[in-house]
Amino acid sequence: MTLRNDRLLRALACKPVDVTPVWMMRQAGRYLPEYRASRKRAGDFMNLCRNPQLACEVTMQPLDRYAFDAAILFSDILTIPDAMGQGLYFSAGEGPRFRKTIRTAADVESLPSIDPASDLGYVMDAVSLIRRELNGRAPLIGFAGSPWTLATYMIEGSGSKDFRRAKQFIYDQPEAGHLLLRKLAEAVTGYLNAQIRAGAQAVQIFDTWGGILSTPAYLEFSLPYMRQIVNDLIGEREGRTVPCILFTKQGGLWLKEIAASGCHCVGLDWTMDIGRARSRIGNLVALQGNMDPSVLYASPDVIRREVDAILRSFGSGPGHVFNLGHGITPQVDPDNVAVFVDAVHELSATGRR
Ligand code: CP3
């Protein structure tokens, strides 16, 4: 099956494109009334993830509404700890929670290794179904959480404001911390490779909480495990490179190190100026980002102006995938998303720049 829109894969390979490709983190989510309706039918969020038909349905919703250049698998990063027996649940308004937490070296040692292709078979079924449904319309991005980001949830047992327990764990028990991260890196590698075998054409690693670490701690506890994953991924499938995007939120300080990890693209949050990031990294890898998601609350004129500013800051030449600097928030007006996506395409069109 031919891929009719390959802008994303071309930009990730730093090849020229007609217009800058755009997708959005959390593009299938609560800001869309049709998503809220599907979730209501599913009962709750995890039922939505565990049902391949419903996961496929919500993955397609943003593509049916907007001119996005990629689909992203609808699932969650916490499926891995769930498959390891940690008992994931979502309580209303409180975000993710785990029935079991990791607090001791013995907890880490008894953590089972998983076979992602079978233990997370529902995710692979969703990937194959989405690929069939997309039918070459746009590429499908698979994803996973970084080992460090997964570890924070497993140790804390939920989200956290200060990550006190997760940090205490790596400082007090670095060996157990490394064992946990090794186990998670192995699971994430298997999980992403299973997604690639099932049809994912690019993958993104979400290191949402890498940026809470000190520089030495980031370089010891987060980046090396992502580097190892990147190097163990299936590099080519269906005759094409399968690119990997690394997104460390608040990772602006470590761009050079991230870009040298072997990844094809560095995801930027909105705090970084994309032009400055480009001049620091050079044209070694592509860059993804990085509009502040809150700009989507502003008026259409402001949204267009901000899109233009980011395109100008990136400058000419290939290697830019437009995105937000983090996920879209539930209160955004869906009409503003159309303004955003259309502005990226219009303002980046060859000849205009
Ligand atoms: O981007 C997409 O459209 C793909 C789907 C996707 C979801 N979660 C769906 C989701 C992706 C890529 C994720 C990744 C994820 N999940 C991350 C990393 C990315 C990031 O946002 O930094 C993290 C940290 C999680 C863990 C998680 N899942 C949290 C903290 C929450 C609650 C957050 C909130 O906004 O309430 C979730 C739930 C979740 N995952 C929702 C969606 C659409 C909201 C669930 C709902 O109530 O319908």
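**The ligand and its pocket**

Mentor: In this predicted model, 22 residues surround the ligand, the closest being Arg26, Arg30, Tyr35, Arg39 and His326. Residues are numbered from 1 along each chain as its sequence is written, and side-chain values use heavy atoms, without hydrogens or water. Local features need pLDDT of at least 70 and side-chain atom pairs 80 or more, whereas totals for chains, interfaces and linings use all residues.

Trainee: What makes those residues count as surrounding the ligand?

Mentor: Each has a heavy atom within 4 Å of the ligand, and this shell divides into 14 nonpolar, four polar and four charged residues, where Asp, Glu, Lys and Arg count as charged and Gly as polar.

Trainee: Why is the approach of arginine 30 to the ligand called a polar contact?

Mentor: A polar contact is a pair of N or O atoms within 3.5 Å; an N or O atom in the side chain of arginine 30 is 2.4 Å from a ligand oxygen, so the pair qualifies. Likewise, the side chain of tyrosine 35 has an N or O atom 2.5 Å from a ligand oxygen, and that of aspartate 76 has one 2.7 Å from a ligand nitrogen. Taken alone the ligand exposes 880 Å², of which the protein buries 87%, as given by the Shrake-Rupley method with a 1.4 Å probe.

Trainee: How do you know which space the ligand takes?

Mentor: A molecule sits in a pocket if more than half of its atoms lie within 2 Å of the pocket's grid points, and the space taken by the ligand is the largest pocket, which is lined by 45 residues.

How values were computed
1 Å grid on protein atoms, 1.4 Å probe; cavity = no way out; pocket = protein on both sides within 12 Å on 5 of 7 lines; lining within 4 Å. Polar contact = N/O pair within 3.5 Å; in protein donor to acceptor, adjacent residues only side chain to side chain.
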